[in-house]
Amino acid sequence: MAFIYQLEPEKSIWVSGHDEGRQHIEDVFGDRIRVRSYYGANTPETAEALIEQAVAEGAEVVFTTAPPLSRATLKAAVKYPKIRFLNCSVDMPYPSLRTYYSRIYEGKFISGAIAGAMSKKDRVGYIASYPIFGVMAGINAFA
């Protein structure tokens, strides 16, 4: 099993959260599974190279842990149909690539309802990260 990250866990809470999941897998399965981590997939070329390295080193399941890695992951999934590839992003219509992403919008809905109820002037604010589908869904849920 391989986890491919854009950054080091110390530099990103997003990567740190995924790395905690990786550590949990290792704790639960111990020697029954081999898990490797690859860092620095911050360009499409580097992402492709790290995915290739993970496959060459025997990974049968590859997690690419950020939406910008989806294109490189899709290329590898088509090239290696017997390996399971999962990308942390919203659903994509590709049979060779699976995605996973939590239902963050549910928490955004609740926080929006609370913010609206607490507002004294009927105004609330929202700060969003970069514009991918999940972010827009969170804004809509909050509103």
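1. **The sheet.** Five strands make up an open sheet, ordered E2-E1-E3-E4-E5, and the pairing is parallel. Strand E2 (36-38) and E5 sit at the edges with a single partner strand each, so one side of each has no neighbour in the sheet. On average, neighbouring strands are turned by 20° against each other, direction ignored. This is a predicted model, so please read every value below as computed from it.

2. **Confidence.** The mean pLDDT of the chain is 91. Of the residues, 98% score at least 70. Strand E1 (residues 2-4) has the highest confidence, at 98. Helix H5 (residues 133-142) has the lowest, at a mean of 83. As a rule, where pLDDT is low, predicted coordinates should not be read in detail.

3. **Overall layout.** The chain has 5 helices and 5 strands. Along the sequence they follow the pattern β-α-β-α-β-α-β-β-α-α. The C-alpha atoms fill a box of roughly 60 × 30 × 25 Å along the principal axes. Of the 143 residues, 35% are buried. Take the contacts between residues at least 6 apart in sequence: 51% of them join residues at least 24 apart.

4. **The E2 edge.** E1 and E2 run parallel and are joined by 3 bridges. Ala2 has Arg36 in E2 as its bridge partner. Helix H1 (residues 13-29) packs on the sheet, where it touches E1, E2, E4 and E5. The direction of H1 makes about 175° with that of E1.

5. **Strand E4 and its partners.** E4 covers residues 84-88, and 4 of its 5 residues are buried. On one side, 4 bridges join E4 to strand E3 (residues 61-64), and the two run parallel. Val61 stands opposite Arg84 in that pairing. E4 also pairs with strand E5 (residues 98-100), again parallel, through 3 bridges. There, Asn87 stands opposite Thr99 in E5.

6. **The crossover.** How do E3 and E4 connect, and which hand does the unit have? Helix H3 (residues 70-79) joins them in a β-α-β unit, and the unit is right-handed. H3 lies across both E3 and E4, and runs at about 170° to E4.

7. **The largest core.** Which residues have the most contacts inside the largest nonpolar core? They are Ile4, Val62 and Phe85, in a core of 20 residues. E1, helix H2 (44-56) and H3 each supply at least two residues of this core. H2 gives the largest share, with 5 residues. A second core, of 8 residues, lies apart from it and includes Tyr5, Val15, Ile25 and Val35. In soluble globular proteins, nonpolar side chains tend to be buried together.

8. **Phe85.** Beyond its sequence neighbours up to four places away, Phe85 touches Ile51, Val55, Val62, Thr73, Ala76, Ala77, Tyr80, Leu97 and Arg98. One of these, Thr73, deserves its own point.

9. **Thr73.** Is Thr73 buried or exposed? Its relative accessibility is 0%, so Thr73 counts as buried; the cut-off is under 20%. Thr73 is in helix H3. Leaving out neighbours within four places in sequence, Thr73 is in contact with Ile51, Thr64, Phe85, Asn87 and Leu97.

10. **Asn87.** Asn87 is a residue of strand E4. Why does Asn87 count as buried? Because its relative accessibility is 0%, and buried means under 20%. Not counting residues up to four places away in sequence, Asn87 touches Thr64, Ala66, Pro67, Leu69, Ser70, Thr73, Met92, Leu97, Arg98, Thr99 and Tyr100. Among them is Thr99, which stands opposite Asn87 in E5. Leu50 makes a separate reference point: Asn87 and Leu50 are 37 residues apart in sequence and 14 Å apart in space, C-alpha to C-alpha.

Note on methods
Residues numbered from 1 in each chain as written. Predicted model: local features only at pLDDT ≥ 70, side-chain atom pairs only at ≥ 80, totals over all residues. Heavy atoms only, no water. pLDDT = per-residue confidence, 0-100. Buried < 20%, exposed > 50% of the residue type's maximum accessible area, 1.4 Å probe, protein only. Pairing = 2+ DSSP bridges. Right-handed = clockwise from strand over helix to strand, strands pointing away. Core = buried A, V, L, I, M, F, W, Y, C linked by side-chain atoms within 4.5 Å. Contact = heavy atoms within 4.5 Å. Axes fitted to C-alpha atoms, helices over the stretch in contact; angles between N-to-C directions.
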